[in-house]
Each structure stands twice: as structure tokens, then as C-alpha cells.
Amino acid sequence: MTEFFLVIELSNGSHQSSVDLEVVKGTTLLQALHDAQLPVRKACRNGGCGVCRCRLVAGEISYGQRQPFALWDKDKAEGFILPCIATPLSDLKIDLLTLEK
């Protein structure tokens, strides 16, 4: 069973912290965040609404056969991803700070 290391950056006002997780290959990032009981927004879970979007700081993801319809080209260029349909292809670092933007 292949596992990838996921570092999640979190913020609470002026305090910043990070959480480290292991994600089994094929598991969506949203599911991994949910399993770890982290504060992540979700709605459609199919890439259509963009509620769960966050920023990929480092690493590589795959959407498989799905499409991130809720992301504009500008969003993609700025590193935003949709964890509801994204699975890791490598160790990752994501920024949940951007969920409030």
C-alpha cells in the first residue's frame, strides 16, 4: 500500500501551525482531511462548487478522470486545487489558510 506524506498549513489569527498526515494512494485529499477531523469546507464533493479549494504549495496531484470545473484558469495558475477530487501523486504541502479567501 503506497502512502504519501501530507503537510497542512493552518492559521488561527496571528498563530500559524501545521499538521502532518499520511494519505493512502487513491484517497482524496478531502477524505484525508475529513478523517483527520480538520476544519475543511465541503459541499458537492465532485469538483463543481469550489467550496473546498485550497492552495497546493508543493507536490503533485491528480484529478484522474474528473475535471476541476470550479477553478478558473487564474485559480489554477495561482496554485489552487480542489481536494474533493484530488489524489496525491507525491508528498504534498497544502495551505488551508486560503479557504477563507
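**Exercise 1. Describe the surface and burial of the protein chain.**

Step 1. Start with the surface: the protein chain exposes about 6,000 Å². Carbon and sulfur atoms supply 47% of that area. Accessible areas come from the Shrake-Rupley method with a 1.4 Å probe; for residues, only the protein chains shown count as cover.

Step 2. Note the source. This is a predicted model, where local features need pLDDT of at least 70, side-chain atom pairs count only at pLDDT 80 or more, and totals for chains, interfaces and linings use all residues. Residues are numbered from 1 along each chain as its sequence is written, and side-chain values use heavy atoms, with hydrogens and water left out.

Step 3. Turn to burial. Of the 101 residues, 41% count as buried. Buried means under 20% relative accessible area, exposed over 50%, and partly exposed in between (1.4 Å probe, protein chains only).

**Exercise 2. Lay out the fold.**

Step 1. Count the elements: two helices and seven strands. Helices (H or I, at least four residues) and strands (E, at least two) are DSSP runs, numbered from the N terminus.

Step 2. Read the order from the N terminus: β-β-α-β-β-α-β-β-β.

Step 3. Check the contacts (heavy atoms within 4.5 Å). Among those with a separation of 6 or more, 59% join residues 24 or more positions apart.

**Exercise 3. Find the largest nonpolar core and its contributors.**

Step 1. Apply the rule: a nonpolar core is a set of buried Ala, Val, Leu, Ile, Met, Phe, Trp, Tyr and Cys residues joined through side-chain atoms within 4.5 Å.

Step 2. The largest such core has 27 residues. Those with the most contacts inside it are Leu6, Ile8, Ile61, Tyr63, Ile81, Leu82 and Ile94.

Step 3. Elements giving two or more residues to this core include β1 (3-12), β2 (15-24) and β7 (92-95). Helix α1 gives the most, with four residues.

**Exercise 4. Place Ile81 in its surroundings.**

Step 1. Ile81 is found in strand β5. It is buried, with a relative accessible area of 4%.

Step 2. Leave out residues up to four places away in sequence. Ile81 then touches Leu29, Arg53, Cys54, Leu56, Ile61, Tyr63, Leu71 and Ile94.

Step 3. Ile94 lies 13 residues from Ile81 along the chain, and their C-alpha atoms are separated by 9.1 Å.

**Exercise 5. Which arginines lie over the face of Phe80?**

Step 1. Use the test: NZ of Lys or CZ of Arg within 6 Å of the ring centre and within 35 degrees of the ring normal.

Step 2. Arg53 lies over the face at 3.8 Å from the ring centre. Arg55 does so at 4.3 Å.
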